[in-house]
Amino acid sequence: MKVLQMIFSPTGGTEQVADIITEKWRMPVNKIDLSNAEIDYSALNLEKDDIAVIAVPSYGGRVPALATERISKIHGNQMRCIIVCVYGNRAYEDTLIELNDIAEKRGFKVIAAIAAIAKHSIMNQYASGRPDFKDKEELHSFAEKILEKINRDVTDISISQIPGNRPYKRAGKAGLVPKADNKCTNCGLCAQKCPAQAIKKENVKVTDSKKCISCMRCVAQCPQSARKVNGAMVSIAALAIKKACSIRKENELYI
C-alpha cells in the first residue's frame, strides 16, 4: 500500500501540512502537484488499494478554482482518501465540505477530513511560524487515528459531519496581482511555476490579471525577491481580517 499526495500548494504551506501527516505512516509517498498546468490529470492511473491525501489551501473560504478543475479530471477508482484544507488562521468556511463533495463526485471514498493552519500566503504576519511544534504533534495524532481506521478496514467509512454550507459561499475574485520590480532579471522562473499560466514567458513583467489567482507562488519562488503585491492594499486587507486572525485557531479532525 502506498500513499498518493495530491497537493495544490503554491507557497508550500499546504504541502508542509500534508508531509507532516503522511510521514507518520512510514509508507512510500508519491506526489502529484495540482499546481502543475502541464499534467494530464485525466490520464492518472490510481490503484484502489492505495491511500490518497488530497490537500488544498482555502482561498476566501472555498477550494481554489484551479484545484477544483484539476481534481475533477481525476478518476478516483474508489480509492480511500483523506481530504485536507489549510488556512491562514482566519477561517476555512466552506472549503472542507466543498473538497469532500469534489472528491466523492470523482469516485474517492473520503474516510477522514482535516482542517489545518499554516502561515497566511499573503499576510505573512498571520499564523507566522505555523505549523509549529504543537501543530506537528497534533497532526501526528490525527495521522495515527486515521491509520487505525485504515488498518481496521471497516465497511462503514462514514465520517463525522464536516462544517460548511451548501450551497457554498460565493467565490471571491483575485484582487492582489504581484508585479515585478527593477530587481527582475527575466529568468522566467515565475512564468514557469505559475499555476494559472498568468505570466507571459516572453515578457515576465506582464501578468494577465484575469488569469492570476493571487496564489503568491511567483512571489515565493522568485530568487531575486523581485515580485511583490501592492503594500498599501495588503495593509488594508490585513486590517480587515485582524480581529478574525487574532486568536490562535487549532487543527481539526473529522473521522
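Colleague: Where is the place of Pro167?

Modeller: This is a predicted model, where local features need pLDDT of at least 70, side-chain atom pairs count only at pLDDT 80 or more, and totals for chains, interfaces and linings use all residues. Residues are numbered from 1 along each chain as its sequence is written, and side-chain values use heavy atoms, without hydrogens and water. Helices (DSSP runs of H or I, at least four residues) and strands (E, at least two) are numbered from the N terminus. Pro167 has its place in the loop between helix 4 and strand 6 (179-180).

Colleague: Is the peptide bond from Arg166 to Pro167 cis or trans?

Modeller: For the bond that runs from Arg166 to Pro167, look at omega, which is near 0°. That makes this peptide bond cis.

Colleague: Happy to look at another one: which residue does a cis peptide bond join to Pro131?

Modeller: Pro131 lies in the loop between strand 5 (109-117) and helix 4 (133-152). With omega at about 5°, the cis bond there joins Pro131 to Arg130.

Colleague: Arg26 is not a glycine and yet has a positive phi; is Arg26 buried or exposed?

Modeller: The phi of Arg26 is about 55°, and the residue is found in the loop between helix 1 (13-23) and strand 2 (29-33). Buried means under 20% relative accessible area, exposed over 50% and partly exposed in between, with a 1.4 Å probe and protein chains only. Because its relative accessibility is 78%, Arg26 counts as exposed.

Colleague: And Asn77, what is its relative accessibility?

Modeller: Asn77 is not a glycine either, but its phi is positive, at about 55°. You will find Asn77 in the loop between helix 2 (65-71) and strand 4 (80-87). Asn77 counts as partly exposed because its relative accessibility is 41%.

Colleague: Let's turn to the sheet. What is the order of its six strands?

Modeller: Two strands pair if DSSP finds at least two bridges between them. The pairing in this sheet is mixed. The sheet is open, and its strands have the order 2-1-3-4-5-8.

Colleague: Which are the edge strands of that sheet?

Modeller: An edge strand here is one that pairs on one side only. The two that do so are strand 2 and strand 8 (252-254).

Colleague: By what angle are neighbouring strands of this sheet turned against each other on average?

Modeller: Axes are lines fitted to C-alpha atoms, for helices over the stretch in contact, and angles run from 0 to 180 degrees between N-to-C directions. For neighbouring strands of this sheet, direction is ignored, and the average turn is 15°.

Colleague: Which residue in strand 2 is the bridge partner of Gln5?

Modeller: Strand 1 (residues 3-7) and strand 2 run parallel, and five bridges join them. One of the bridge pairs has Gln5 on one side, and its partner in strand 2 is Lys31.

Colleague: What angle does the direction of helix 1 make with that of strand 1?

Modeller: Helix 1 packs on the sheet and touches strand 1, strand 2, strand 3 (51-57), strand 4 and strand 5. Contact here means heavy atoms within 4.5 Å. With the direction of strand 1, that of helix 1 makes about 165°.

Colleague: One more, please: what angle does the direction of helix 3 make with that of strand 4?

Modeller: Helix 3 (residues 95-105) also packs on the sheet, where it touches strand 3, strand 4, strand 5 and strand 8. Taken against the direction of strand 4, the angle of helix 3 is about 150°.
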